[in-house]
Amino acid sequence: MAVMITDLCINCGDCAPECPVAAILEDSNEKNPHEGQYFYVKPETCVECVGHADAPRCADACPTEGSIVWDMPYTTDYEEYYMAGNENGTYKIREHKKKGLMLPSVKAQLFMDEISTEMRESHSNVAV
Ligand code: SF4
Ligand code: SF4
């Protein structure tokens, strides 16, 4: 990952069009594990806007403090974290026909290395 959308999200829709890699799903999307509740960031797709902007564009567009927060990098160091989250319904990681579940060991993603592990573990607000 990544950034994560929390239940403070008001489903305004301002973030999704800003994402350069189409990582954000609306509340009504059936691929969203929180379908019917709030928007969702696909951790297997989010690149934290690295190579696209200086900071997460989604958070820049979001009017609601605390609805877009930091999550762990989508790297093999966090393989088990994402696997467990996929099993408990926090995430709904894409299942590729040939490659299987698109976990970090199949495809890791870019992340902002200046963001501390503490900020990620505590799911700090993505302030921009
Ligand atoms: S941080 Fe960037 S890549 Fe990730 S969901 Fe937000 S806009 Fe998309
Ligand atoms: S911009 Fe913020 S409040 Fe609006 S849908 Fe996205 S995460 Fe939710």
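**Exercises on a predicted two-ligand chain**

From the N terminus on, the chain's elements follow the order β-β-β-α-β-α-β-β-α; helices (H or I, at least four residues) and strands (E, at least two) are DSSP runs, numbered from the N terminus. This is a predicted model, in which local features need pLDDT of at least 70, side-chain atom pairs count only at pLDDT 80 or more, and totals for chains, interfaces and linings use all residues. Residues are numbered from 1 along each chain as its sequence is written, while chains are lettered from A and ligands numbered from 1 in the order in which they are written.

**Exercise 1. State how many helices and strands the chain has, and assess its overall dimensions.**

Step 1. The chain holds 3 helices and 6 strands.

Step 2. The radius of gyration is taken over C-alpha atoms, and the globule rule is 2.2 Å times the number of residues to the power 0.38. For 128 residues a compact globule would have a radius of gyration near 14 Å, and the chain, with 13 Å, agrees.

Step 3. Along the principal axes, the C-alpha atoms fill a box of roughly 40 × 35 × 25 Å.

Step 4. Two residues are in contact if their C-beta atoms, placed from the backbone, lie within 7 Å. Of the contacts between residues at least 6 apart in sequence, 71% join residues at least 24 apart.

**Exercise 2. Describe burial and the largest nonpolar core.**

Step 1. A residue is buried if 20 or more other C-beta atoms lie within 10 Å of its own, exposed if 12 or fewer, and partly exposed in between, with C-beta atoms placed from the backbone. Buried residues account for 36% of the 128 residues.

Step 2. A nonpolar core is a set of buried Ala, Val, Leu, Ile, Met, Phe, Trp, Tyr and Cys residues joined through C-beta atoms within 7 Å. The largest has 29 residues, and V3, C15, I24, V41, C58 and I68 have the most contacts inside it.

Step 3. At least two residues of this core come from each of strand 1 (3-5), strand 2 (24-25), strand 3 (40-41), helix 1 and strand 4.

**Exercise 3. Characterise the shells around ligand 1 and ligand 2.**

Step 1. A residue is near a molecule if its C-beta atom, placed from the backbone, lies within 6 Å of it. Ligand 1 is surrounded by 15 residues, the closest being C19, C46, C49, P56 and C58. Around ligand 2 there are 14 residues, of which C9, C12, D14, C15 and C62 come nearest.

Step 2. Ala, Val, Leu, Ile, Met, Phe, Trp, Tyr, Cys and Pro count as nonpolar, Asp, Glu, Lys and Arg as charged, and the others, Gly among them, as polar. The shell of ligand 1 comprises 12 nonpolar, no polar and 3 charged residues; that of ligand 2 comprises 9 nonpolar, 4 polar and 1 charged.

Step 3. C12 is placed in the loop between strand 1 and strand 2. C12 counts as partly exposed because it has 13 C-beta neighbours inside 10 Å.

**Exercise 4. Locate N11, H123 and G66, and classify their exposure.**

Step 1. N11 is in the loop between strand 1 and strand 2. Although not a glycine, N11 has a positive phi of about 60°. With 14 other C-beta atoms within 10 Å, N11 is partly exposed.

Step 2. H123 belongs to the segment after helix 3 (117-121). H123 is not a glycine, yet has a positive phi of about 50°. Its 15 C-beta neighbours inside 10 Å make H123 partly exposed.

Step 3. G66 occupies the loop between helix 1 (57-61) and strand 4 (68-70). G66 is partly exposed, because 14 C-beta neighbours lie inside 10 Å. Leaving aside residues up to four places away in sequence, G66 touches T6, L8 and N125.
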